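Colleague: Please take me through this assembly by question and answer. I should like each reply to end on the value or name requested.

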There are 6 protein chains.
Amino acid sequence: MNQEFLQQNLKNPGAAAAFAGKNEPIAPNVQTFLGCDKPFEKADTVLFGAPFDSTTSYRPGTRFGPRAIRGESFGIETYSPYQDRDLEEDTAVFDAGDLELCFGDTNIALRQIEERVGQILQHQKRPFMLGGEHLVTLGALRAVAKRYPDLHIIHFDAHTDLREDYLGATLSHATVIRRAWELVGDQKIFQFGIRSGEKAEFLFAKEHTVLQPFDFAGLESVCEQLKGKPVYFTLDLDVLDPSMFPGTGTPEAGGVSFMALLQAVKEVCKLHIVGLDVNELCPIYDPSGASVALACKIVREILLAL
Amino acid sequence: MNQEFLQQNLKNPGAAAAFAGKNEPIAPNVQTFLGCDKPFEKADTVLFGAPFDSTTSYRPGTRFGPRAIRGESFGIETYSPYQDRDLEEDTAVFDAGDLELCFGDTNIALRQIEERVGQILQHQKRPFMLGGEHLVTLGALRAVAKRYPDLHIIHFDAHTDLREDYLGATLSHATVIRRAWELVGDQKIFQFGIRSGEKAEFLFAKEHTVLQPFDFAGLESVCEQLKGKPVYFTLDLDVLDPSMFPGTGTPEAGGVSFMALLQAVKEVCKLHIVGLDVNELCPIYDPSGASVALACKIVREILLAL
Amino acid sequence: MNQEFLQQNLKNPGAAAAFAGKNEPIAPNVQTFLGCDKPFEKADTVLFGAPFDSTTSYRPGTRFGPRAIRGESFGIETYSPYQDRDLEEDTAVFDAGDLELCFGDTNIALRQIEERVGQILQHQKRPFMLGGEHLVTLGALRAVAKRYPDLHIIHFDAHTDLREDYLGATLSHATVIRRAWELVGDQKIFQFGIRSGEKAEFLFAKEHTVLQPFDFAGLESVCEQLKGKPVYFTLDLDVLDPSMFPGTGTPEAGGVSFMALLQAVKEVCKLHIVGLDVNELCPIYDPSGASVALACKIVREILLAL
Amino acid sequence: MNQEFLQQNLKNPGAAAAFAGKNEPIAPNVQTFLGCDKPFEKADTVLFGAPFDSTTSYRPGTRFGPRAIRGESFGIETYSPYQDRDLEEDTAVFDAGDLELCFGDTNIALRQIEERVGQILQHQKRPFMLGGEHLVTLGALRAVAKRYPDLHIIHFDAHTDLREDYLGATLSHATVIRRAWELVGDQKIFQFGIRSGEKAEFLFAKEHTVLQPFDFAGLESVCEQLKGKPVYFTLDLDVLDPSMFPGTGTPEAGGVSFMALLQAVKEVCKLHIVGLDVNELCPIYDPSGASVALACKIVREILLAL
Amino acid sequence: MNQEFLQQNLKNPGAAAAFAGKNEPIAPNVQTFLGCDKPFEKADTVLFGAPFDSTTSYRPGTRFGPRAIRGESFGIETYSPYQDRDLEEDTAVFDAGDLELCFGDTNIALRQIEERVGQILQHQKRPFMLGGEHLVTLGALRAVAKRYPDLHIIHFDAHTDLREDYLGATLSHATVIRRAWELVGDQKIFQFGIRSGEKAEFLFAKEHTVLQPFDFAGLESVCEQLKGKPVYFTLDLDVLDPSMFPGTGTPEAGGVSFMALLQAVKEVCKLHIVGLDVNELCPIYDPSGASVALACKIVREILLAL
Amino acid sequence: MNQEFLQQNLKNPGAAAAFAGKNEPIAPNVQTFLGCDKPFEKADTVLFGAPFDSTTSYRPGTRFGPRAIRGESFGIETYSPYQDRDLEEDTAVFDAGDLELCFGDTNIALRQIEERVGQILQHQKRPFMLGGEHLVTLGALRAVAKRYPDLHIIHFDAHTDLREDYLGATLSHATVIRRAWELVGDQKIFQFGIRSGEKAEFLFAKEHTVLQPFDFAGLESVCEQLKGKPVYFTLDLDVLDPSMFPGTGTPEAGGVSFMALLQAVKEVCKLHIVGLDVNELCPIYDPSGASVALACKIVREILLAL
């Protein structure tokens with residue numbers, strides 16, 4: 001059998017190893033995010049997708065986010081000239097694929113996410129979730145907050161997400177940070193880039209969170225303050241300007257640039273990140289694919305910076 | 001003031017009347033389905049939209065169906081050469097607009113629909129709902145079945161929709177006819193055009209419903225049998241072949257033609273229809289607009305045939 | 001009857017009031033721009049659409065602009081963190097819907113617009129028109145200039161729009177500011193952001209208008225100079241860079257940013273604005289919806305700044 | 001110089017000939033419909049485009065039709081297995097490119113078309129116009145009717161196009177056949193495939209034209225009757241079912257199939273066709289390109305059948 | 001560890017088994033065509049993708065075909081009401097994923113395909129390839145013809161694909177059946193549904209292949225004749241009418257219906273099929289997804305019929 | 001004959017002249033880039049298209065670039081306010097249309113390009129090629145380097161393009177600058193804006209080329225250094241940020257702005273440019289048309305600056 005030919009067609013060494021002993025000439029189709037093909041045991045970070053958008057009230061479709069990110073990741077390189085690091089050499093990530101979540105019953109879906117994150121934490125690994133709508137963060141936070149009582153949250157977003165309820169539902173993309181606040185308490189949530197919300201939400205933020213509107217001003221001193229503490233990082237990609245990231249359900253003009261986000265992300269990743277997610281990519285709204293490509297690039301940069 | 005000019009810009013005589021007494025030169029923007037502008041009291045049918053797709057597991061977007069149908073209806077004519085009737089002369093329909101439904105909590109959304117249908121029935125009018133995903137039918141059925149204990153259901157669809165549960169949820173587009181069966185009982189549901197489902201669903205149908213796969217064979221004798229009985233008519237537009245109706249979440253090759261559907265619909269509308277819906281239009285998947293236009297045309301033909 | 005349910009489904013208090021006395025449980029479908037639901041008598045500004053693009057020579061479709069803006073406005077918030085003001089609390093706007101304009105006979109269409117603006121002015125209200133192609137501005141200007149002899153015009157655009165005629169037509173999107181100049185005379189028109197035109201147009205501008213190419217430099221001093229004078233403000237959205245606003249017929253690289261436009265618009269709105277329009281949104285060319293969302297946001301900011 | 005190389009890169013023998021004498025190695029870029037590259041003098045048919053859609057009230061874009069047909073024609077073959085004939089061997093067609101028409105002033109545009117058709121007729125050649133919206137037919141008809149007093153018209157369409165006026169305009173895509181009737185008189189127009197119109201239009205047709213709704217029934221006997229008489233053939237492509245031809249502004253379900261149209265077209269082309277047009281292709285609404293490809297194929301079949 | 005949860009998230013039993021022994025709670029992301037998750041050793045058919053379209057001269061994109069088919073297959077059911085069979089119960093298929101083929105050097109790419117098919121045949125399994133452009137068939141045929149000297153080919157297509165060379169290349173989607181003929185000789189290739197080609201190709205077919213234009217007439221007797229002989233079946237999906245299958249590079253009006261194709265495919269699959277492929281799906285040209293869904297359905301029906 | 005009418009419909013004076021002597025009223029359809037209609041003999045620059053993308057491994061479609069640029073160029077003006085120059089007055093360019101290149105055999109295609117560029121150089125004219133994928137540059141470079149032994153290359157791009165081979169092919173869009181280096185040698189290639197590549201490529205660049213990552217820093221001094229030397233300028237448009245230029249196969253966040261590129265291009269065009277190309281526009285990925293419009297504008301500015 002042509003060994004070279006086999007190797008060429010196997011992107012996942014783990015799978016290759018599994019099948020090598022059995023003298024299998026043709027391996028099954030294992031698909032991971034670019035370069036995230038370490039075996040589970042050797043990984044320090046576990047990537048997985050949470051394709052859920054059931055509470056999205058405006059324009060749905062973020063459910064297609066994780067699949068798009070994984071599939072299109074092969075359009076970028078493993079090497080980053082920004083950090084001079086390479087996914088294949090400098091990271092150890094296992095990609096567990098997408099959860100198959102319940103649509104229409106939010107409680108079940110959140111419980112499924114919480115269980116998955118719990119499993120990952122139990123193996124002392126860092127969960128890295130790809131959304132999905134922003135509500136998926138709540139499932140992850142419930143598991144992480146259980147393990148890390150003094151949890152802090154860094155939140156990049158265009159929207160406050162601080163409503164008490166939305167269209168009659170308390171579990172919603174528009175309420176997720178409010179629910180997060182119920183988990184971690186006052187002054188534990190640090191919000192950046194915010195430029196949309198109800199008046200009442202901004203008033204709530206004044207009392208209970210630390211909110212920087214429009215940009216990342218003050219991020220450095222926040223990071224200084226959080227050094228050594230367990231931090232969950234949730235990145236709603238609509239914090240970016242829609243010119244750079246049109247592929248999202250609720251584009252909001254006046255956002256940050258990719259370069260500003262890249263700088264901020266590198267800053268945050270120096271902290272003790274115990275869990276994180278990247279969410280709200282909605283591929284269908286950007287036929288150019290530039291939004292998916294950008295999401296892939298940010299995920300790569302985060303993995304390299306962690 | 002230029003009276004003619006005013007008239008020209010008012011599509012809703014009801015609204016015009018309401019404002020005439022107040023000597024208002026400029027009327028507000030009242031939008032209805034083409035020709036469905038009778039005052040509520042004079043209407044025998046009440047049209048409304050149920051823009052909900054929270055349980056859609058595959059490709060969402062039917063929430064945009066009612067709005068698209070209403071907006072694009074002005075691209076067709078009020079007159080039908082198929083029936084030689086005209087919406088403006090031969091119907092009395094009030095368009096109540098879209099409900100604002102809860103996303104992410106299916107129970108709340110179904111209750112909202114049930115209440116709206118109950119209101120309409122209470123005024124001795126016929127509810128005509130535009131979906132939305134197929135699950136919205138359940139909300140309407142709950143109200144209709146309460147009022148008409150001997151209710152029968154005619155169901156056009158590509159899919160059986162007879163699952164016991166789907167991805168952990170019992171309230172789902174894939175279970176709606178199973179839930180309907182729980183309301184009305186055995187041999188009360190007549191399914192046509194079905195060409196997709198699990199093996200178990202087809203077995204269930206054999207015992208509990210009357211299922212005609214692929215086409216409308218036998219419809220005439222079913223209609224004969226149902227004459228005079230209260231019938232709810234639910235039309236999942238994906239019963240059509242995707243060539244004619246690509247604008248739906250789950251296109252299923254091998255469907256019926258528009259002309260066959262038109263013929264079947266005219267047959268059904270001769271019955272005692274006490275409620276009905278047209279659902280599963282997902283405009284975003286058909287950029288040509290042909291699917292929306294077809295939906296508008298079918299709604300027109302139904303209104304003329306009722 | 002469930003009063004709460006009714007309220008929840010009524011976005012237009014005016015309509016609600018109209019029907020309350022008649023004990024109607026179900027209201028008709030009144031659609032307005034977000035928060036622009038004041039009764040006509042109480043409004044100081046009247047919004048309306050002019051869906052016309054008959055002279056567009058390159059890529060048509062701005063006729064769909066007003067409808068898109070109105071429909072998608074519910075995707076943004078009524079509150080602006082930029083101005084700390086709220087549409088529901090701080091404005092009094094009536095939305096009169098779209099005119100139904102003649103296609104193919106430009107003279108008739110312009111007369112229809114002129115009549116509508118005349119009606120609004122006659123009631124001492126400020127007309128705010130949503131285009132449509134830029135030529136619709138001429139219809140509005142004719143009515144406004146009649147009422148305000150000393151009218152000045154502030155014009156944001158990528159294009160000079162100063163041709164004498166275009167493809168044989170003197171009434172054209174490419175000639176609208178030239179026609180405006182015929183109405184108001186020399187040095188009354190202030191053009192900003194201009195980066196495209198024929199050589200002859202730039203030469204014409206040198207003699208007859210005040211033209212600032214590429215950006216908003218000098219806007220502050222112009223506003224200083226116009227203080228107290230009646231000003232018509234016409235905003236061609238293609239003044240924005242296509243990265244931020246691809247949804248327009250003639251995208252022209254090298255435009256201003258959203259934040260720059262926001263700043264400039266706030267400046268202009270401090271003046272005595274007696275009429276205004278926002279035009280040239282062509283939704284079909286931006287499937288992401290970001291352009292429509294931006295247009296909604298700019299309309300909101302203008303309404304809050306007026 | 002490499003003669004073979006040159007030949008390979010020249011699609012237009014006429015141009016090649018023009019430059020051969022000058023020993024020019026590199027030819028200008030002459031673009032024609034596939035195989036329509038005969039010199040003007042040797043051609044019996046002259047193809048040209050009329051990219052105009054100014055009166056389109058619903059969805060514009062047919063202006064892009066001629067360019068799309070010409071450009072995409074190279075995706076089909078010159079040979080037809082349906083007729084066993086070949087464009088290169090069996091036809092003599094000159095392609096004059098597109099007219100540059102006035103937008104916004106319908107009278108000017110129609111006059112431009114009339115002049116062009118007049119020129120072609122003057123050279124004893126048959127004009128074959130590619131629309132554009134259906135109104136362009138009127139420009140051509142005016143020139144043809146002048147030359148052929150006993151003109152008959154065969155009209156394939158989904159719509160009657162028999163309105164007296166539309167939105168205030170007498171020159172409109174919706175009135176074009178009414179205007180044609182004014183030119184040629186009673187019982188000279190034969191309409192097929194019609195399935196949409198106002199009641200009044202159908203009543204008008206009963207008295208003044210010969211109208212076959214829905215299909216081509218009776219075409220054969222009409223052709224029998226018209227043998228030897230001068231006939232203008234106008235083909236509105238929306239006569240096709242939208243499943244086969246979604247790329248049009250007003251898709252109307254229930255149309256004819258491609259095979260039925262092909263059969264009918266071959267029948268008509270046996271007559272004495274003194275002018276003809278194919279119109280209402282709107283490429284933008286069919287991203288698959290199937291509509292453009294079908295239009296190219298129908299144009300090829302017509303050219304081969306003439 | 002939650003065993004049920006694990007099961008729910010594992011679609012590939014083979015992978016599950018591989019990891020079960022290692023006590024791994026979280027499995028890697030194995031993606032297969034719906035229900036094609038048997039271990040390699042137990043499979044009788046091996047599915048794989050050949051994402052190549054380098055010689056496509058008109059509109060590229062079939063390289064995305066296999067990935068789309070695999071990904072969207074989860075939108076259809078494993079059960080077929082047409083055959084009353086189920087992928088999970090009635091088939092044994094291993095999905096080996098996509099080859100990573102060389103772009104720009106056709107010889108290398110064809111060799112890669114030939115090697116893969118050779119490997120599969122060596123294990124006495126049936127190769128089932130998903131294209132890609134039609135040229136990929138040649139790579140497979142080279143391996144299959146080596147093993148089965150008396151090979152016959154059944155070819156469904158809109159195009160003859162019988163050119164000697166195309167734009168200077170002898171290896172091209174337009175020449176693939178000519179190259180196949182060089183492998184198997186005269187009267188071994190049976191072509192159905194053909195409706196496009198050069199005159200010379202049709203003449204070639206008359207002498208060297210059996211060609212049925214336009215439809216499947218005569219298929220039954222051909223199948224009778226081929227009973228027991230080794231047959232390679234190549235299905236170019238553009239044999240379908242573009243109304244049903246717009247998602248292809250060269251849509252050709254006048255094709256067969258899905259129901260006709262289904263019938264024909266079931267007929268062919270009764271033969272001794274030693275290799276097969278389905279090709280020319282180009283997902284990008286059909287935003288409705290109906291073409292991909294149809295391709296998935298045909299692949300399912302073939303797998304069930306084999 | 002109506003001379004004015006004729007003039008109005010002729011965009012190409014050269015063609016007009018050719019036919020004037022023959023007293024032909026109707027001219028053939030000559031299509032050029034806006035204002036590039038000088039006769040070949042009088043031109044100093046010859047524009048032509050190289051519609052090839054056979055080695056594109058990720059997302060194909062740049063083959064449609066030249067046609068889109070030529071067709072859409074009529075949407076911009078001939079006059080540039082940036083340089084106060086006009087294409088019609090200040091340039092002498094002949095547009096030779098597109099080559100018809102071989103797909104699937106890269107060697108043939110490159111040879112075709114090399115021959116065409118050789119022809120142009122032989123006539124002492126400057127070749128200006130519109131791609132196509134970046135590999136087409138190699139064909140041009142082979143001809144140019146033969147004529148100018150001391151050739152230098154200025155290269156704007158997001159990607160290094162310095163691989164030794166890619167997926168088994170040495171001739172690939174990803175290897176083109178490596179192949180260029182083999183032609184011209186060390187320190188002759190100046191790369192700007194680079195932000196993606198393999199680690200090995202960046203290491204290669206350190207030794208053999210001059211590479212400025214991310215932006216145009218240092219361009220001025222490079223231009224100083226190259227004054228008077230023969231320079232080939234190759235502009236891969238993906239050097240732009242995807243927000244401004246989404247219409248490309250491999251969008252790479254973090255690019256330069258249009259204004260920065262314009263500035264850089266003007267700088268480069270002051271040099272002794274002996275050949276140049278603009279490549280990697282892939283129109284299909286940007287439905288707004290903004291990318292094509294930007295490409296047209298850059299081509300115009302380059303032509304004016306040369």
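Colleague: How far apart are the nearest C-alpha atoms of chain B and chain F?

Modeller: Contact means heavy atoms within 4.5 Å, and chain B and chain F do not touch. Their nearest C-alpha atoms lie apart by 12 Å.

Colleague: On what conventions does the description rest?

Modeller: Residues are numbered from 1 along each chain as its sequence is written, while chains are lettered from A and ligands numbered from 1 in the order in which they are written. Side-chain values use heavy atoms, with hydrogens and water left out, and local features need pLDDT of at least 70, side-chain atom pairs count only at pLDDT 80 or more, and totals for chains, interfaces and linings use all residues, this being a predicted model.

Colleague: Which other chain has no contact with chain C, and at what C-alpha distance does it lie?

Modeller: No contact joins chain C to chain E. The closest C-alpha atoms of chain C and chain E lie apart by 12 Å.

Colleague: What rotation superposes chain F on chain C, and which residue of chain F has its C-alpha nearest the axis?

Modeller: Superposition is by least squares on the C-alpha atoms of residues with pLDDT of at least 70 in both copies. A rotation of 120 degrees, with 0.0 Å of shift along its axis, brings chain F onto chain C at an RMSD of 0.0 Å. The two copies are therefore related as by a three-fold rotation axis. At 2.9 Å from the axis, the nearest C-alpha in chain F is that of F:Ser243.

Colleague: Why can one say that these copies meet through different surfaces?

Modeller: One compares the interface residues of chain F with those of chain C. The copies meet through different surfaces because the share of chain F interface residues that are also interface residues in chain C is only 11%.

Colleague: In what order do the strands of the open sheet of chain A run?

Modeller: Helices (H or I, at least four residues) and strands (E, at least two) are DSSP runs numbered from the N terminus, and two strands pair if DSSP finds at least two bridges between them. The open sheet of chain A has 8 strands with parallel pairing. Its edge strands, each pairing on one side only, are S4 (93-98) and S8 (210-213). The order is S4-S1-S5-S10-S9-S6-S7-S8.

Colleague: Which residue is the bridge partner of A:Thr45 in S5(A)?

Modeller: Strand S1 (residues 45-50) and strand S5 (residues 126-131) of chain A pair in the parallel sense over 6 bridges. In S5(A), the bridge partner of A:Thr45 is A:Arg126.

Colleague: Is A:Thr137 buried or exposed, and which residue's side chain shares a polar contact with its own?

Modeller: A:Thr137 lies in helix H6 (residues 136-147) of chain A. With a relative accessible area of 0%, A:Thr137 is buried (under 20% relative accessible area; exposed is over 50% and partly exposed in between, with a 1.4 Å probe and protein chains only). Not counting residues up to four places away in sequence, A:Thr137 touches several residues, among them A:Met129, A:Val176 and A:Asp277. A side-chain polar contact of 3.3 Å (a pair of N or O atoms within 3.5 Å; within protein, one must be able to donate a hydrogen and the other to accept it, and residues adjacent in sequence count only if both atoms are side-chain atoms) joins A:Thr137 to A:Thr234.

Colleague: How many residues of strand S10(C) are buried, and which residue in that strand is the bridge partner of C:Val231?

Modeller: Strand S10 (residues 272-279) of chain C is largely enclosed by the rest of the structure, because 7 of its 8 residues are buried. S10(C) pairs in the parallel sense with strand S5 (residues 126-131) of chain C over 3 bridges, and C:Leu130 stands opposite C:Val278. Strand S9 (residues 230-236) of chain C also pairs with S10(C) in the parallel sense, over 7 bridges. In S10(C), the bridge partner of C:Val231 is C:Ile273.

Colleague: Which element of chain F packs against the buried residues of H3(D)?

Modeller: Helix H3 (residues 65-72) of chain D is mostly covered, with 6 of its 8 residues buried, including D:Pro66, D:Ile69 and D:Arg70. Within chain D, the buried residues of H3(D) pack against strands S1 (45-50), S4 (93-98) and S5 (126-131) and helix H11 (290-305). From chain F, the packing element is helix H3 (65-72).

Colleague: Which residue stands opposite F:Gly49 in S4(F)?

Modeller: Strand S4 (residues 93-98) of chain F has 5 of its 6 residues buried, so the strand is largely enclosed by the rest of the structure. It runs parallel to strand S1 (residues 45-50) of chain F, joined by 4 bridges. In S4(F), the residue opposite F:Gly49 is F:Asp98.
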